[in-house]
Amino acid sequence: MGLYSSISVALSGIRTTQAGIDLVSRNVANASTPGYTRKVLPQQNVVAGGQGIGVRSEGAVRQVDLFLQQQLRTQNAQAGSLEVLSSFLQRVDNLFGRPEDETSIAGVLEALGDSLQDLTTDPANSAVRQSVINQASRSAELLNYLTNQVQGLRLDAENNIATAVDDVNALLQNIATVNVQISQRQDGSISTADLEDQRDLAIDKLSKLLDIRVVEQNDGSLSVFTSSGFLLADKTAQVLNFDERTSIAANSQYSTDPAQRNVGTISITSGGVEVDLIQAGAFQGGEIGGYLKLRDDILVETQAQLDELASGLALAFSEEQVNGVAATAGPASGFDIDIANVQPGNEIHLNYTVTPPGTPVNITFIAVDDPASLPLANTVTANPNDQVVGINFNQPIGDIITDINAALPAEVVASTPGANTIRFLDDGAGATSDVNGVSAVVTPAALQDAGTGLALFVDGATNKIYSNSQDGQTQKLGFAGRIQLNDAVRNDNTLLVNYQTSPATASGDNTRPLDLIRRLKENQREYHPDSGIGGAGSPFSGSVDAFARRLVTFQTGQVAEVKRDLESVSLVKNALEEKFADGTGVNVDEEMANLLVLQNAFAANARVITAIQEMFQTLLTIGR
């Protein structure tokens, strides 16, 4: 190799080491810059004529573990969802308080029970009766307040979804723009490492908003998909649309049927067709997934719990059990049941046995006024062991009987011996069936002469009797937001004691107060598993008072469970972040050591040039 070639080699070394020193300086300067990854400078031996003639540096590149990066993004999505859930559920838990708190719904119902207990010992005392009125009103008002707060949280989730969708659209546009810039620099003359950092930072932010999958293309661009496979961005960006709602109530719920949906949904246009991404399951994680789970599942269930409590509270005080009366017709025997006080939502229970197979059958007939509500689902009642049959009671008694018989086997026959009576008989001489029992649960509108119960609570300002009607969207839905103290009782608190007019109840009679406190604190009832408390096969059974305490502790348990999940995910996420930073982040000590190597290399190449210069001077001296 000649001297001129040696100079060229040394100069190429100087240029390469200088570029390396510049890169080390940039690494150190950006050591704490979010999203910055350590850059390295690949070197290539330059060969001509079969021999090396120097070194050439290429564009700076990153060293990123793509598998680890995708794992971290998956954890980002899980953590994002759980952080949202934890924050909102803590607010719910704060609303409900603790069972022992006087201001919790359990505490308020406890105070109602205490006031009723006082009434049993002094029913003639107007001040004591007024105390019951005040506590009952406070109970209804608290249920109204909790409903408003829960729906307010759902609206907050709706608003946050709208903000998150805007952020997603901005990030997708950023990713698409950078993809184009990277794809245009694939000749290798210009490094794309900083652009890749910029793109990764946007994708990392995106991964906290929703769960995504990233695929690298041959031109260096990245295609971003939802976890369910919908393309969000490559060199162009999809636009997510969210039809945000400005108000949300208990009956505002998501549906795949646009005509039934009254909350916002997120959609994109794919192949010229608008796709509902919520229906497609595109948001299983991320902050958006968390907000959707709150809006459409968790807080809907919370409202269902409040509605179940309000329903149980109203029905516990007002329901009356009507027992069947033994009846015969020739050889056939069975029971008559009085249906005079049956209202929409009230139940008639029939138990019969047909042999074979000889297994008792429980049928619950539920009265409806609107035939459009039929048929009723078998899950309308909390009882897992009954068959539910809806019957239109808004028709002549003969037609009611026809509809009942249509639901019965031939061996059990319904008939009517009077306008307000239904008779259920076995097959008599055939001896293949038995009617074991008939009863009804009704909610009389009358406040006197209809039993010792009392419609203490009503549905809304119109003083409508609550009977758990199944017509339309069902009366229970949102009832906690509408429950009110019955105005008739508010205006005449003697009704807390006077349960009959003939003979008139004595002023000191505590029969009704004793019954009311039993209904609140002792009588057992089953609560629908749709509330999330109890299972479909084993619904929660207890007093109204017990269900209120269970509801409050449920919220505490729910937030504790989410916090545990978040702690677990955070541990994994932090470990992945540390491992990723070790592999891709800037280690200043390592960079300084590398700088010393580069400085030595620079000095060595400079020394080569100096030596060659000295040799040239020597040769020139010899030539003279």
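In this predicted model, Pro356 is found in the loop that runs between strands β14 (347–354) and β15 (360–368). The peptide bond leading from Thr355 into Pro356 is cis, with an omega near -10 degrees. Pro357, whose place is likewise in the loop between β14 and β15, is joined to Pro356 by a cis peptide bond as well, and here omega is about 10 degrees. Most peptide bonds are trans, and most residues other than glycine have a negative phi.

Positive phi values occur at Asp449 and at Asn468. For Asp449, which is not a glycine, phi is positive at about 60 degrees, and the residue lies in the loop between β19 (433–442) and β20 (457–459). With a relative accessibility of 47%, Asp449 counts as partly exposed, because this class covers the values between the 20% limit for buried residues and the 50% limit for exposed ones. Asn468, also a residue other than glycine, has a positive phi near 60 degrees and is found in the loop between β21 (464–465) and β22 (483–485). The relative accessibility of Asn468 is 13%, and the residue therefore counts as buried, since buried means under 20%.

A further loop position is that of Thr494, which is placed between helices α8 (487–491) and α9 (511–521). Thr494 has a relative accessible area of 24% and is partly exposed, as this value is over the limit of 20% under which a residue would be buried. Along the chain, Thr494 and Asn30 are 464 residues apart, and in space their C-alpha atoms are separated by 79 Å.

With regard to the chain as a whole, eleven helices and 24 strands are present. The radius of gyration is 38 Å, whereas the globule rule gives 25 Å for 624 residues; the chain value is well over that figure, so the chain is more spread out than a compact globule. Taken along the principal axes, the box filled by the C-alpha atoms of the chain has dimensions of roughly 145 × 60 × 40 Å. Of the contacts between residues at least 6 apart in sequence, 67% join residues that are at least 24 apart.

Buried residues account for 47% of the 624 residues in the chain. The accessible surface of the chain amounts to about 28200 Å², and carbon and sulfur atoms contribute 50% of this area. The chain carries 40 positive and 73 negative charges, and the mean positions of these two sets lie 11 Å apart.

In the interior, the largest nonpolar core comprises 99 residues, within which Leu240, Ile266 and Phe283 have the most contacts. Helix α4, which spans residues 126–183, gives the most to this core, with 19 residues. Apart from this core lies another, made up of 28 residues, which include Ile363, Ala367, Val412 and Ala414. The surroundings of Phe283 were examined further: when residues up to four places away in sequence are not counted, Phe283 touches Leu210, Asp211, Leu240, Ile266, Leu277, Ile278, Ile288, Gly289 and Leu292. Leu240 and Ile266, which are thus among the residues touched by Phe283, are also named with Phe283 as the residues having the most contacts inside the largest core.

Definitions and conventions
Residues are numbered from 1 along each chain as its sequence is written. This is a predicted model: local features need pLDDT of at least 70, side-chain atom pairs count only at pLDDT 80 or more; totals for chains, interfaces and linings use all residues. Side-chain values use heavy atoms; hydrogens and water are left out. A nonpolar core is a set of buried Ala, Val, Leu, Ile, Met, Phe, Trp, Tyr and Cys residues joined through side-chain atoms within 4.5 Å. Buried means under 20% relative accessible area, exposed over 50%, partly exposed in between (1.4 Å probe, protein chains only). Helices (H or I, at least four residues) and strands (E, at least two) are DSSP runs, numbered from the N terminus. Contact means heavy atoms within 4.5 Å. The radius of gyration is taken over C-alpha atoms; the globule rule is 2.2 Å times the number of residues to the power 0.38. Accessible areas come from the Shrake-Rupley method with a 1.4 Å probe; for residues, only the protein chains shown count as cover. Lys and Arg count as positive and Asp and Glu as negative; His and the chain ends are not counted. The place of a charge is taken as NZ of Lys, CZ of Arg, CG of Asp or CD of Glu.
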